[in-house]
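Got the viewer open? Let's walk through it one selection at a time.

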Amino acid sequence: MKAATFIKPGEMRIEDQPKPKIQKPTDAIIKIVRASVCGSDLWWFRGISKRESGTPTGHEGIGIVESVGSEVTNVKPGDFVIAPFTHGCGHCAACKAGFDGNCLNRETGSINGYQAQYLRFINANWALVKIPGQPSDYSSEMLNSFVTLSDVMATGYHAAVTAEVKPGDTVAVMGDGAVGLCGVISAKLRGAKRIIAMSRHEDRQKLAKEFGATDIVPERGDEAVKHVMELTGSGVDAVLECVGTEQSVDTATKLVRPGAVIGRVGIPQKAEMNTNQLFYNNTGLRGGIASVTTYDREELLQAVLDGKINPGKVFTKQFTLDQIQEAYDAMDQRKAIKSLLVVDDQA
């Protein structure tokens with residue numbers, strides 16, 4: 001089968017790899033229909049984080065179940081599914097508490113390999129999310145939105161949930177990538193009255209407004225804090241931190257009113273963090289890895305099916321699997337907000 005492979009920073013390649021097989025009774029083999037490139041993939045693509053050469057890539061996708069292990073009863077061959085990157089088992093303490101992103105029974109390395117024709121998906125019985133019907137029943141736009149439910153839409157929603165966004169709130173969203181834009185959707189979905197998108201890029205500002213942003217703040221650092229305080233008077237009720245840089249996290253702690261909560265989903269780029277500002281302002285800090293299966297089942301899939309949200313608009317460029325290098329380059333060079341990979345154009 002064709003599979004995207006990391007060669008070295010800045011270089012991706014499609015290689016011929018053995019088609020995956022069922023290895024455990026809890027596995028499923030998924031024929032990938034659509035996949036995508038995630039902003040977090042750019043960390044190792046740019047050489048910011050280390051990745052071993054020759055490893056498979058990708059952790060976002062939708063597809064058709066081809067085969068299942070003997071213990072998989074909730075999905076069957078032929079089912080159309082979202083393949084969350086989280087692979088929750090559904091029965092450990094973390095999954096039972098609603099945090100399947102922290103599943104205690106996930107195998108090391110299991111979240112990679114979605115940018116390929118086939119995927120071995122572990123913990124398939126609980127983690128896979130069934131979509132009614134077949135891919136041919138849906139428009140391309142709807143299929144794109146389903147792809148976001150495997151990661152970025154659920155991650156943006158996790159920021160809103162952990163920040164405790166509620167009806168009437170004023171919310172700031174740090175980051176204008178796909179996760180940040182999905183954070184704007186999530187804040188609106190949860191009833192925020194005012195949504196301040198922190199964005200410097202015109203195309204992303206436009207999409208943020210389409211998704212529900214009421215204000216745009218293009219500045220960074222102290223200038224951004226000053227602008228938000230001018231807009232709100234006393235700071236925001238919640239911050240969705242969707243970047244992960246030291247500056248973004250620091251800014252987030254300064255935007256909030258006393259007693260507000262920051263929902264942090266940007267992958268941390270620095271191990272240390274000064275929490276004194278949180279203490280003196282009674283600021284809550286939550287967040288982490290998204291609970292994808294939980295959120296998709298509770299609200300997000302139905303919201304897409306009902307047309308309440310259209311997160312697939314974050315895909316601004318489309319590629320085939322053979323164009324994997326171009327798909328990564330487009331995001332790396334900010335020519336695309338998010339790159340879609342059409343793996344099976346017959347579906």
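## First stop: a strand pairing

Select isoleucine 62 and you'll find it opposite isoleucine 82 in strand E5. Before you click on, know that this is a predicted model, where local features need pLDDT of at least 70 and side-chain atom pairs count only at pLDDT 80 or more, while totals for chains, interfaces and linings use all residues. Residues are numbered from 1 along each chain as its sequence is written, and side-chain values use heavy atoms, with hydrogens and water left out.

Now show E5 (residues 80-82) together with E4: 3 bridges join these two antiparallel strands. Helices (H or I, at least four residues) and strands (E, at least two) are DSSP runs, numbered from the N terminus; two strands pair if DSSP finds at least two bridges between them. Next add strand E3 (residues 28-36), which pairs with E4 (residues 61-68) in the antiparallel sense over 7 bridges. Here alanine 35 stands opposite glycine 61 of E4.

## Second stop: aspartate 100

Jump to the loop between helix H2 (93-96) and strand E6 (118-121), where aspartate 100 is found. Which side chain of opposite charge is nearest to aspartate 100? Arginine 297, 7.6 Å away; aspartate 100 is buried yet has no salt bridge. Buried means under 20% relative accessible area, exposed over 50%, partly exposed in between (1.4 Å probe, protein chains only). For charge, Lys and Arg count as positive and Asp and Glu as negative, with His and the chain ends not counted; a salt bridge needs a side-chain nitrogen of Lys or Arg within 4 Å of a carboxyl oxygen of Asp or Glu.

Turn on distances: the aspartate 100 side chain reaches the backbone nitrogen of threonine 293 at 3.3 Å, and it makes a polar contact with the threonine 294 side chain at 2.6 Å. A polar contact is a pair of N or O atoms within 3.5 Å; within protein, one must be able to donate a hydrogen and the other to accept it, and residues adjacent in sequence count only if both atoms are side-chain atoms.

## Third stop: helix H6

Select residues 178-189, helix H6: 10 of its 12 residues are buried, so the rest of the structure largely encloses it. Among the buried ones are Leu181, Cys182 and Ile185. Show the cover too, including helix H5 (152-162) and strand E8 (170-174); contact means heavy atoms within 4.5 Å. Just after H6, click glycine 191, whose phi is positive, near 95°.
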